[in-house]
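Hi there,

Here is the structure I promised to pass along. Have a look at it first, and my notes on what turned up follow below.

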Amino acid sequence: MGKIATNIENLLRELPPEVKVVAVTKTRSAEEALEAYNAGVRLLGENRVQELSAKKDLLPPDVKWHLIGHLQSNKVRQAVAAASVIESVDSLRLLARIDDEAVRQDQQIDCLLQFHIASEKTKQGFGVEEADGTNWTEVAASLRAVRICGVMGIATFTDDMEQVRREFRTLALIFRNMRERHFRENEFFREISMGMTGDWPVAVEEGSTMIRVGTLIFGERIKR
Ligand SMILES: *Cc1c(COP(=O)(O)O)cnc(C)c1O
């Protein structure tokens, strides 16, 4: 068995069976992505639309591609055409644009709302205060082709696992409050995408339903 398949097998042995794995293939070759596919992974993640589109053409059609990086409005068309899930929706304006474009392309698209839970300033996402301060019932009712399927977040890049835990706990709380107040009738609102190579066990302890891991599966990334 190759290294990638072994890494996936080891991960799946430790992961509760209900938690989904998105294998993050950014900077990896299509061959490496295919090795993950052949080991049984069907959810692949990319943070750039162009790279996602290009790799999609080289992999089997039953891969579900997750866009996990910031989406610029001029790439919405390509993102809607290529991705199954856009995890990185970070503004209402972007959400509306995605909905318009999905209507135009006559297709449904699943989205997660990305919340800014980290202490670093650079990370994208809705502010934590926008979880409470937004009428999500109204937002969801205005959408025709987008299904809001839950939330996504990236914790601070730090060795302080107690800080990371607090941030994941915040995201899980946001999820539960939103579900209770706005998505109770909505069976699709069920995902908490949190946890990466360095912090996925903590994320799972705090209620993650979907982890996004690259390095753990494919090895260290060459910086680009
Ligand atoms: C790159 C990336 C990941 C995976 O990171 P690893 O540390 O390699 O597991 C997860 N989520 C997002 C948003 C990313 O950009």
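Let me start with the ligand and its surroundings. Please keep in mind that this is a predicted model. The residues around the ligand are V24, K26, I68, I154, M196, T197, R212, V213, G214, T215 and R221. Sorted by class, that shell comes to 5 nonpolar, 3 polar and 3 charged residues.

Three side chains from this shell are worth pulling up on your screen. K26 places a polar side-chain atom 2.7 Å from an oxygen atom of the ligand. For T215, a polar side-chain atom lies 2.6 Å from a ligand oxygen. R221 also has a polar side-chain atom by a ligand oxygen, at a distance of 2.8 Å. As for how much of the ligand is covered, it exposes 390 Å² when taken alone, and the protein buries 89% of that. The space the ligand takes up is the largest pocket.

You may also wonder about the cysteines, so here is that part. How many disulfides does the structure hold? The count is 0. C111 is in no disulfide, and the nearest cysteine sulfur to it, that of C149, is 7.8 Å away. Why is there no bond from C149 to C111? The two sulfurs are 7.8 Å apart, which is too far for a bond, because a disulfide needs its sulfur atoms within 2.5 Å. Are these two cysteines buried or exposed? C111 is buried, with a relative accessible area of 0%, and C149 is buried as well, at 8%.

Happy browsing, and write back any time!

Best wishes

How values were computed:
Residues numbered from 1 in each chain as written. Predicted model: local features only at pLDDT ≥ 70, side-chain atom pairs only at ≥ 80, totals over all residues. Heavy atoms only, no water. Near = heavy atom within 4 Å. Polar contact = N/O pair within 3.5 Å; in protein donor to acceptor, adjacent residues only side chain to side chain. Areas by Shrake-Rupley, 256 points an atom, 1.4 Å probe, with all protein chains shown as cover. 1 Å grid on protein atoms, 1.4 Å probe; cavity = no way out; pocket = protein on both sides within 12 Å on 5 of 7 lines; lining within 4 Å. Sits in = over half its atoms within 2 Å of the grid points. Nonpolar A, V, L, I, M, F, W, Y, C, P; charged D, E, K, R; others polar. Buried < 20%, exposed > 50% of the residue type's maximum accessible area, 1.4 Å probe, protein only.
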